[in-house]
Amino acid sequence: MDVGLWDRDMITEDIAVSWKLQQRFWDIRYEPRALCWMLVPETLKGIWKQRVRWAQGGQEVMLRHWKVLLKWKQRRIWIVYLEQWISTFWSFAWLFVTLMLLVTASSPQDMLFWFTFTSFSLVFMSLIQLFIALKIDSKYDNVKRYYVWAAWYPALYWIVNTVVVISAFPRAIRSRVKGGYATWSSPDRGLTKSKS
């Protein structure tokens with residue numbers, strides 16, 4: 001009630017209400033013992049639609065609440081807000097640099113070197129982050145045996161995420177300009193029986 005309930009014009013109303021709560025100095029905290037249940041998309045197309053919607057929702061919030069950077073009182077959420085902008089900027093920068101490399105590379109070896117170096121950098125940083133996360137989370141989960149393989153996930157994730165963010169950005173701009181109710185159709189969630 002304090003933040004005016006849900007925003008019906010935001011595609012991810014949960015992200016939007018979280019931002020409004022934080023701007024009114026409510027705390028949103030991580031609870032490792034919480035249990036939840038959800039139906040997830042079962043096809044690549046369904047996952048794609050879900051991730052584009054999530055990215056669009058984050059960008060809509062980013063575009064709506066940009067004035068938090070002008071308010072000293074809101075400084076506690078600046079880092080979260082800047083992370084969203086930097087992540088979006090990084091996606092466009094990565095695409096630009098990759099396209100420039102495709103145009104300017106003098107040989108396939110130049111291309112291979114660039115992709116090898118960037119992949120190694122991502123995997124190395126991921127290994128460090130994953131090691132720290134496993135140390136912190138070890139009292140809840142025991143997944144150390146996946147340590148070496150899990151480092152590849154972020155490298156692939158960031159490539160897919162770049163495409164998702166770039167796909168969602170025009171939608172976020174359009175929804176902010178157009179206004180009105182935000183609507184979306186739920187991707188496949190295993191609710192319908194498959195034909196056999």
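**Reading a six-helix chain**

User: Helix α1 is followed by F25, whose phi is positive, near 70°. What kind of residue is F25, glycine or other than glycine?

Analyst: Good place to begin, and please keep in mind that this is a predicted model. The general idea is that most residues other than glycine have a negative phi. In this structure, F25 is a residue other than glycine with a positive phi, near 70°.

User: Where does F25 sit, and which residues does F25 touch?

Analyst: F25 lies in the loop between α1 and α2. Leaving out residues up to four places away in sequence, its contacts are K73, Q74 and R76. The C-alpha atoms of F25 and K73 are 9.7 Å apart, although these positions lie 48 residues apart along the chain count. F25 is partly exposed, because its relative accessible area is 38% and the class runs from 20% to 50%.

User: Let me step back. How many helices and strands are in the chain?

Analyst: The chain has six helices and zero strands, so reading from the N terminus gives α-α-α-α-α-α. Of its 196 residues, 26% are buried. Among contacts with a separation of 6 or more, 70% join residues 24 or more positions apart.

User: Which residues of α1 are buried, and what do they pack against?

Analyst: The general idea first: an α-helix has 3.6 residues a turn, so residues three or four places apart point the same way. In α1, residues 13–23, the buried ones are A16, V17, W19, K20, Q22 and Q23. These buried residues pack against α2 (44–64) and α3 (78–104).

User: What span should α2 have, and what is the distance between its end C-alpha atoms?

Analyst: Count 1.5 Å a residue: the 21 residues of α2 should span 30 Å, and the end C-alpha atoms are 30 Å apart, so the two values agree. Buried residues of α2 include G46, Q50, V52 and R53. Further along α2, the buried residues include G58, Q59 and M62.

User: How do α2 and α3 cross, and at what angle?

Analyst: Two packed helices are described by the angle between their axes and the distance between the axes. Here the axes of α2 and α3 come within 10 Å and cross at roughly 120°. That is why α2 is oblique to α3. The crossing of the two helices is left-handed.

User: Which residues of α2 and α3 meet there?

Analyst: From α2 come G58, Q59, M62 and L63, and from α3 come Y81, Q84, W85 and T88. By class, this contact has four nonpolar, four polar and no charged residues.

User: Is L63 buried, partly exposed or exposed, and which residues does L63 contact?

Analyst: L63, found in helix α2, is partly exposed, because its relative accessible area is 21% and buried means under 20%. Setting aside neighbours within four places in sequence, L63 is in contact with W85, A172, I173 and R176. L63 and R176 are 113 residues apart in sequence, yet 7.8 Å apart in space, C-alpha to C-alpha.

Key. Residues are numbered from 1 along each chain as its sequence is written. This is a predicted model: local features need pLDDT of at least 70, side-chain atom pairs count only at pLDDT 80 or more; totals for chains, interfaces and linings use all residues. Side-chain values use heavy atoms; hydrogens and water are left out. Buried means under 20% relative accessible area, exposed over 50%, partly exposed in between (1.4 Å probe, protein chains only). Helices (H or I, at least four residues) and strands (E, at least two) are DSSP runs, numbered from the N terminus. Contact means heavy atoms within 4.5 Å. Axes are lines fitted to C-alpha atoms, for helices over the stretch in contact, and angles run from 0 to 180 degrees between N-to-C directions. Angles under 35 degrees count as roughly parallel, over 145 as roughly antiparallel, 65 to 115 as roughly perpendicular and the rest as oblique. A crossing is left-handed if the near helix is turned anticlockwise from the far one by less than a right angle, and right-handed if clockwise. Ala, Val, Leu, Ile, Met, Phe, Trp, Tyr, Cys and Pro count as nonpolar, Asp, Glu, Lys and Arg as charged, and the others, Gly among them, as polar. The expected span of a helix is 1.5 Å times one less than its number of residues.
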